[in-house]
Amino acid sequence: MDCIFCKIISGSIPSNKVYEDEQILAFHDINPQAPVHVIVIPKQHIQSADEVNEFNSPIVAKIFEAIPKIAKQCNLENGYRIITNIGNDGCQSVSHMHFHLLGGKKLPESIV
């Protein structure tokens, strides 16, 4: 596959890891949009949230179980935002489902 996130998972592209377990990897975004900007991905290639189904939804549940741990590790005590983009109109830049964990300051309401 030519997926940059799959290459990060395999270790062929380095990343600044924040969290990792058997199913999930989280790393700092190389173009942060907030003081804390972490990308959280499943290790299984799922193109986008549009492809979540009964077979892979447990992985998504595991991601949402891990996010509070990651947020705590990143000292996001006052809150944070989770965003996922889907498809071209949603500005999905990498075709591997991922969640942006943003925080570290009061975020503007215009980022929805």
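# Why these labels?

Me: How do you know that β1 and β2 count as paired strands?

Reply: In this predicted model, 3 bridges join β1 to β2, and the two strands run antiparallel. Pairing asks for at least two bridges, so these strands qualify. Within the pair, Tyr 19 stands opposite Ala 26 in β2. A hairpin through 3 residues makes the connection from β1 to β2.

Me: Ala 26 also turns up in the core, I think. What makes that set of residues a nonpolar core?

Reply: Its members are buried residues of nonpolar kinds such as Ala, Val, Ile and Cys, joined through side-chain atoms within 4.5 Å. The largest such core has 19 residues, and Ala 26, Val 38, Val 40, Ile 70 and Cys 74 have the most contacts inside it. β1, β2, β3, α2 and β5 each supply at least two residues of this core. The most comes from α2, with 6 residues. Apart from it lies another core, of 9 residues, including Ile 8, Leu 25, Ile 39 and Val 94.

Me: Which residues does Cys 74 touch, once its neighbours within four places in sequence are left aside?

Reply: They are Val 18, Val 36 and Val 38. Each counts as a contact because heavy atoms come within 4.5 Å.

Me: Let's turn to charges. Why is the pair Lys 17 and Glu 20 called a salt bridge?

Reply: The closest N and O atoms of Lys 17 and Glu 20 are 3.1 Å apart. The cut-off is 4 Å, so the pair qualifies. Glu 20 has another salt bridge, with Lys 43, where the closest N and O atoms are 2.8 Å apart. That pair links distant parts of the chain, with Glu 20 in strand β1 and Lys 43 in the loop between β3 and α2, 23 residues apart.

Me: And what about Lys 62 and Glu 65, how do you know that they form a salt bridge?

Reply: Here the N to O distance is 3.9 Å, still within 4 Å, so the name applies. Both residues lie in helix α2, 3 residues apart, about one turn of the helix. By contrast, salt bridges that share partners join Lys 17, Glu 20 and Lys 43 into one network. The structure holds 4 salt bridges in total.

Me: Are Lys 43 and Glu 65 buried, exposed or partly exposed?

Reply: Lys 43 has 24% relative accessibility, and Glu 65 has 47%. Buried means under 20% and exposed over 50%, so both residues are partly exposed.

Me: What makes Phe 64, Tyr 80 and Ile 82 a nonpolar patch?

Reply: Patch residues need over 30% relative accessible area. Phe 64, in helix α2, has 40% and therefore passes. Nonpolar side chains are joined within 5 Å, and together Phe 64, Tyr 80 and Ile 82 offer about 250 Å² of accessible area on the surface.

Me: Why is Asn 75 called exposed?

Reply: Its relative accessible area is 52%, over the 50% limit, so Asn 75 is exposed. Asn 75 lies in the loop between α2 and β4. Its phi is near 60°, a positive value in a residue other than glycine. Most residues other than glycine have a negative phi.

Me: Where is Cys 91, and what is its phi?

Reply: Cys 91 sits in the loop between β4 and β5, and its phi is near 65°, again positive. With a relative accessible area of 56%, Cys 91 is over 50% and therefore exposed.

Terms used:
Residues numbered from 1 in each chain as written. Predicted model: local features only at pLDDT ≥ 70, side-chain atom pairs only at ≥ 80, totals over all residues. Heavy atoms only, no water. Helix = DSSP H or I, 4+ residues; strand = E, 2+ residues; numbered from the N terminus. Buried < 20%, exposed > 50% of the residue type's maximum accessible area, 1.4 Å probe, protein only. Patch = residues over 30% accessible without salt bridge, like charges linked within 9 Å, V, L, I, M, F, W, Y side chains within 5 Å. Areas by Shrake-Rupley, 256 points an atom, 1.4 Å probe, with all protein chains shown as cover. Salt bridge = Lys/Arg side-chain N within 4 Å of Asp/Glu carboxyl O.
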